[in-house]
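Student: Could you take me through one spot in this model up close? I'd like to hear what surrounds a single charged residue.

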Amino acid sequence: MRVANYIGGRRVGSEAPEALPITDPGTGKILGETPLSTTREVDRAVVSARRAFPEWRATPAIERARILFRLKALLDEQRELLARSLTREHGKGVAESRGELQRGIENIEHACGIPSLMMGEAFEDVASGIDCEVFRQPVGVFAGITPYNFPVMIPLWFWPYAVAAGNTFVLKPSEQNPLTHDCVVELAETAGLPPGVLNVVHGGREVVNTLIGHPEVAGVSFVGSSAVAGEVYVRAARAGKRVQALGGAKNHMIVLPDADLDGAAASCVSSVYGSAGQRCLAGSVVVGVGNAYDAVRDRFLDRAASLRVGYGLDERSEMGPVISSEHRDRVCGYIEHGISEGASLPLDGRDVAVPGYPEGHWIGPTVMEGLRPGMTVAGEEIFGPVAGLTRAASLDEAIELMARSRYGNACSIYTASGRAAREFRYRAGISMIGVNIGVAAPMAFFPFGGTRDSFFGDLKAQGRDAVRFYTDQRVVISRWS
Ligand code: NAD
């Protein structure tokens, strides 16, 4: 079945001659196909969003929020169905899918607070008899472009805030797994979201470029790999739009000798291999400081080797497949590259097989040891179930190692020392920091986004930044004499 676009409150079959298959990464079965929609279809979606804007903007914020409250209730009712659908099209374990939905719903809950979040400021007598007020107003039509690894949660980082604030929205979801979010769109319609407020156009690069260049689009929220994020940022900024573009990651996890080493190893393993490593907050390089190295290495290897790889809907599985056979080849290519650069491979997941699922895109937990700065596998994002282990003589050296990375999304420290943790936080230069936490994921009411090549822009996703990004300010200075 070909997934339809959603334009002006109607499901519209795409006129595109080309489409890409949507595959269950565990079984290899085709679940549907994503049309590569045309420029004309993007234009129709933007026009429908622009037409819906004046009435939606004039709808009181509390009424806009009520629709989101209803959507949240509907999502709660459908949670299990949605989680299973998400696992089928993404591959992640069903418990992880439930977690993703939960995080997505939390963004809707936060956006429901828009009447207070969007409130302005006022001050009397800025000069004698003169008052000053600041109002936050919606801006117009926003576009969202999202990746495959959190196909439900990441769209919910964006459009609920944008529409709660009175804007209208055009979303281009990942072409690899757009089906579950499509069910969310249906629920949004049932909840009462008026036609044209949220539109969805499926496709790839062409749709993205048309959206970014469209004169009626005021701003762009993007999440994906750094190469594309950087390109989207430049293009959108050049076209005069506000833009937030979240990119890739290479997250370091630093283990100090005074850490709870069992706890640290367990936390690192779950960070690296959760979602088969396809998370922007996944740990990628484990740095053992001093004599922590050997202790954490052994514990890490034991735990990683014991993870049960399997189909995501089987509750006993601890790690699912990667998204596609192409991505599997890419990850395996990195492993081979690491070996050619001199890394050793104490755990090799390349030949893993899952009985009953011969067509799945499997890679087992893999560990590369002996990473050195300058190696490709030490610097580039692999985005698969591959850990790199490396040593540092001191916390200083570990921080310097991280500083060489072009990425700055997340990092973690494991220690019993408040002083070391404070030093780490102070100097890391990275946005999302875990202290004895392996996945430093900010909740919906905090900002989400990195630094360096992991983020292009200034206002991040979620939190108060989301409201700032989707609104502009009007300052009114009045004298009534
Ligand atoms: P991707 O960059 O391939 O695709 C992201 C989106 O951009 C998709 O909708 C895709 O259709 C579109 N796209 C792809 N190539 C394009 C091009 N040349 N021009 C215009 N648009 C293009 O990313 P992905 O493989 O879907 O997702 C994985 C990446 O996303 C990883 O790098 C991961 O770290 C990153 N990510 C980052 C965060 C974060 O918060 N920083 C969160 C999730 C994922």
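Tutor: Here's a walk around glutamate 341 and its surroundings. First, the ground rules: this is a predicted model, where local features need pLDDT of at least 70, side-chain atom pairs count only at pLDDT 80 or more, and totals for chains, interfaces and linings use all residues. Numbering runs from 1 along each chain as its sequence is written, and side-chain values use heavy atoms, with hydrogens and water left out.

Glutamate 341 sits in the loop that links helix 11 (325-340) to strand 14 (344-347); helices (H or I, at least four residues) and strands (E, at least two) are DSSP runs, numbered from the N terminus. Glutamate 341 is buried, meaning under 20% relative accessible area with a 1.4 Å probe, protein chains only. Even so, glutamate 341 has no salt bridge, that is, no side-chain nitrogen of Lys or Arg within 4 Å of its carboxyl oxygen. The nearest side chain of opposite charge belongs to arginine 372, 7.8 Å away; on this count Lys and Arg are positive, Asp and Glu negative, and His and the chain ends are left out.

What does glutamate 341 touch, then, leaving aside neighbours within four places in sequence? Its contacts (heavy atoms within 4.5 Å) are Arg372, Gly374, Met375, Thr376 and Val377. With valine 377 there's also a detail at the backbone: the nitrogen there lies 3.4 Å from a polar atom of the glutamate 341 side chain.

For another buried residue, look at phenylalanine 456, with a relative accessible area of 18%. Phenylalanine 456 lies in strand 21 (residues 455-456), and its C-alpha is 9.6 Å from that of glutamate 231, although the two are 225 residues apart in sequence.

Notes. Buried means under 20% relative accessible area, exposed over 50%, partly exposed in between (1.4 Å probe, protein chains only). A polar contact is a pair of N or O atoms within 3.5 Å; within protein, one must be able to donate a hydrogen and the other to accept it, and residues adjacent in sequence count only if both atoms are side-chain atoms.
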